[in-house]
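Dear colleague,

Please find below the structure that I am handing over to you. My findings follow directly after it.

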Amino acid sequence: MLIRNFVNIVFIVAGIVMITAISFNKLSVWSLIVLVFCWVLITTYGVLNIKAEYFLKSLNNNPNIKEKKVAITFDDGPDLNTLKILEVLDKYKVKGTFFCIGKQIETHPDIAKEIIKRNHVIGNHTHTHDKFIDIYSTNRFINEIEDADIAIQKISKKKPLLFRPPYGITNPNIARAVKKTGHTVIGWNKRSFDTTIPSEKVILKRITNNLKNGDVILLHDTKLITLSVLEQLLLFLQSNNYTTVTIDELFSIQAYA
Ligand SMILES: [Zn+2]
């Protein structure tokens, strides 16, 4: 059972009990307001944290991995900066997983082809990554996923099966959309915040602190700062005998249909 369903059942039962008690003047109406507030807090946490798997099942890390293996993922490309990221990955003979935006693929088809040519994996990260995408209807979100699939298929000739929701936000509409398109939802458990934190040292520490086998690292190939963070991260992984694998290998799943 999804956590959302369990939480909703508990709150509905608690709500009915409270309304009954209030109608018999046994309880203040404020108790009900506090209950609703708690439900809003829990639901908001579920929306914002993909790792909570509140609305849908997602693969965020693989704790069953015995070997020192991690996966590095790059969101929001392809971008001109992606080429430099690819050079760094080549230098350390490492393969990554790129969650690409359909429109970005249309803008930079040659860079997207380069990702494929160098044997990295491409996943779906919606077509527009619009800042209001998380309030889209189910049908509009399905279009977002399908349009990005078409853009990826044009350059790779393969249908992607991996999908990462923008901002890691999930909700009932996204859950329904993904159920319809049949993609495997990929989250992360090591969020670098490379799009917001200005210090390379802090970003690197966020990733390497308590790094474990099977961890999934989130970076963005669109950011300049990520280039130097990546190089330092790969040096860290190398000196600590970690192997970097793609998402499909980490979870033993198919990246393409
Ligand atoms: Zn994104």
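On the surface of this predicted model, Met1, Phe6, Ile9, Val10, Val13 and Val17 form a nonpolar patch with about 610 Å² of accessible area together. A patch is made of residues with over 30% relative accessible area and no salt bridge, where like charges are joined within 9 Å and nonpolar side chains (Val, Leu, Ile, Met, Phe, Trp, Tyr) within 5 Å. The areas come from the Shrake-Rupley method with a 1.4 Å probe, and for residues only the protein chains shown count as cover. Within the patch, Val13 belongs to helix H1, residues 3–23. Helices (H or I, at least four residues) and strands (E, at least two) are DSSP runs, numbered from the N terminus. Val13 is partly exposed, because its relative accessible area is 48%; buried means under 20%, exposed over 50%, and partly exposed in between (1.4 Å probe, protein chains only).

A note on conventions: residues are numbered from 1 along each chain as its sequence is written, and side-chain values use heavy atoms, with hydrogens and water left out. As the model is predicted, local features need pLDDT of at least 70 and side-chain atom pairs count only at pLDDT 80 or more, while totals for chains, interfaces and linings use all residues.

The zinc ion has as protein donors Asp76 (OD), His125 (NE2) and His129 (NE2), which lie 2.1 Å from it. Donors are N, O and S atoms within 2.8 Å of the metal (3.2 Å for Na, K and Ca); water is not among the atoms, so sites may look incomplete. The spacing of the donor residues in sequence is D-x48-H-x3-H. Asp76, in the loop between strand E1 (69–75) and helix H3 (80–91), and His125, in the loop between strand E3 (121–124) and helix H6 (138–156), link distant parts of the chain, 49 residues apart. Both Asp76 and His125 are buried.

The structure also holds three aromatic pairs. Rings of Phe, Tyr and Trp (its six-membered ring) pair if their centres lie within 6.5 Å; planes under 30 degrees apart count as stacked, over 60 as edge-to-face and the rest as tilted. One of the pairs is Phe74 with Phe98, which is stacked at 4.8 Å centre to centre and 20° between the planes. Phe74 lies in strand E1 and Phe98 in strand E2 (residues 97–100), so this pair ties together parts that are 24 residues apart in sequence. Phe74 and Phe98 are both buried. Another pair, Phe141 with Phe163, is edge-to-face, at 6.1 Å centre to centre and 90° between the planes. Here Phe141 in helix H6 and Phe163 in strand E4 (residues 162–163) are 22 residues apart.

There are eight salt bridges, each defined as a side-chain nitrogen of Lys or Arg within 4 Å of a carboxyl oxygen of Asp or Glu. Among them, Lys69 meets Glu67, with the closest N and O atoms 3.4 Å apart. Lys69 also forms a salt bridge with Glu249 (4.0 Å, N to O). That second pair links distant parts of the chain, as Glu249 is in helix H10 (residues 247–251) and Lys69 in strand E1, 180 residues apart. A further salt bridge joins Arg118 and Glu114, whose closest N and O atoms are 3.0 Å apart. Shared partners join Glu87, Asp90, Glu114 and Arg118 into one network of salt bridges.

Yours sincerely
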